[in-house]
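Let's take a look at the aromatic side chains of this protein and at what sits around them. Here is the structure to keep at hand.

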Amino acid sequence: MSSGPQLIAYADRLGGSIKGLQSLLDGPFAGIFDGVHVLPFYTPFDGADAGFDPVDHTAVDPRLGTWRDVKDLAERYRVMADMIVNHVSASSAEFSDVLAKGDRSEYFDMFLKMSTVYPDGATEADLAGIYRPRPGLPFTPMTLGDRRRLLWTTFTSQQVDVDVRSAAGKAYLERVLGALTDGGVAMVRLDAVGYSVKTRGTSSFMTPDTFDFIDDLAAAARSHGAEVLVEIHGHYELQLKVAARVDLVYDFALPPLVLYALHTGEAAPLRRWLLIRPTNCVTVLDTHDGIGVVDVGPDQIEPHRPGLLTQEQIDVLIEGIHQRSAGQSRLATGWAASNVDIYQVNCTYLDALGGDERAYLIARAVQVFTPGIPQIYYVGLLGGRNDMELLAHTGVGRDINRHFYSREEVDAALADPLVSALLDLLRLRRHHPAFQGDCAIGGDDRRITLDWRHGQHRACLDVNFAEPGATLTTTDQRGGLRVCDDLLGGGLADLIPGSWQSQ
């Protein structure tokens, strides 16, 4: 499995279509990325939750292209796509049939009702114990045929939960998995899988039943020739447990810990995490969602279990983001915006650092040097800032970091020294032989070193968060050392010998 950089992008927001996205990967981004996570391109890609509420999860939205376009993309890059496990759109053909026919529909058992989990009714303790990422209970009353029922809707009333234990639910997931892998998808991201299995008397989040389900689904994906990335926000020990059982997990703790270190100069929490984290990770700083807080905090279900940051440190982190973004993140986060997730802060990563470009490149260098597969979100790749106009238009908090780029805007961003430096950093990560070896992690309460070695080759990042400042040291093709201590000053390109860049 390649560990080179990957891009994360919506095809409609970067390139305008699947072919348009590939033209950017083949053109101005040539030689940088090994793979691409194409965010939901199913019918429709622009539903109530930006494609995460598919009406038809097995079809490419014709406004974006066809499965042939996905296969063409997959011939050149490892394609990752979302398998939205927990729910489907309330407008899907299957659920529309259930609405019309009730229990006479062949799809009736595909959708989870409250009574399925609580056939004898639920106690107050049962309901209070359900873990949910949004405020309120996860049920919506709907009339199925001629009978009023309570449907599980973990996220929104437009996203109806699948009963993944039912024969109809299992058949549905198998159809989706087959469509993705037949279409060339090599990496399947299991979206919201932590909420997919509901069990009475539990939190219904990442229970033993959930782990068993993930094991089965991962085995099914592997039988189709695909790797599995599990998407779960939660206590850091949960990520350690999941990582031992699947191909890949996200390092969602990295983004807030790097921000905290750059905001305060305190590197100890980051260093502690780097020493214990799993290495079969996809590293991110930003994604289509917000910057996670729950991933570094105390356990939400068992609050006595401490996190990587204390509550006081989390408060400092969140307030630091709000202050550095001039209050823009506050307008896009929590109760201030619809489609809320109370455990994330919505903001571009550059704005979370107050627009400090050198601090931003230090953060990206830490991401790129941290063991795992670095995925770069398209807005972050292009040095994007908070899109307050889009936020005002939609009222959806996450849209602050989901800008629609025209080709002219892409070209303008590519001329920015910040973007040029970031692209050089990614080229270094993809082409330097040192990253084929092992990484030694060092430092102290103010400093982090990430030192990669493979044979005679070396690539070392030394970050002093107290300044902050960073020094990059690499070997050239003859084993000599090259040093860059100004990531924004154009020196990164000198660390990548020409013949390595062309590989």
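R429 is a good place to start: in this predicted model, R429 lies over the face of W452, at 5.7 Å from the ring centre. Something similar turns up with a lysine, as K113 lies over the face of F108, with 3.6 Å to the ring centre.

Now for rings that meet other rings. A search of the whole structure comes up with 16 aromatic pairs. One of them is Y236 with W273: the ring centres are 6.1 Å apart and the planes stand at 80°, and since an angle over 60 degrees counts as edge-to-face, that is what this pair is. Y236 belongs to helix α8 (residues 236-243), while W273 belongs to helix α10 (residues 268-276), so this pair links distant parts of the chain, 37 residues apart.

Are these two residues buried or exposed? Y236 is buried, with a relative accessible area of 7%, and W273 is buried too, at 2%.

Another pair is made by Y377 and Y378, and their planes at 70° make it edge-to-face as well. Here are both pairs side by side:

| Pair | Distance of ring centres | Angle of planes |
|---|---|---|
| Y236 and W273 | 6.1 Å | 80° |
| Y377 and Y378 | 4.7 Å | 70° |

Y377 and Y378 are both buried. What do they join up with? Ring pairs link Y377 and Y378 with Y10 and Y405, and together these four form a cluster.

How values were computed:
Residues numbered from 1 in each chain as written. Heavy atoms only, no water. Phe/Tyr/Trp six-rings, centres within 6.5 Å; stacked < 30°, edge-to-face > 60°. Helix = DSSP H or I, 4+ residues; strand = E, 2+ residues; numbered from the N terminus. Buried < 20%, exposed > 50% of the residue type's maximum accessible area, 1.4 Å probe, protein only. Lys NZ or Arg CZ within 6 Å of the ring centre and 35° of its normal.
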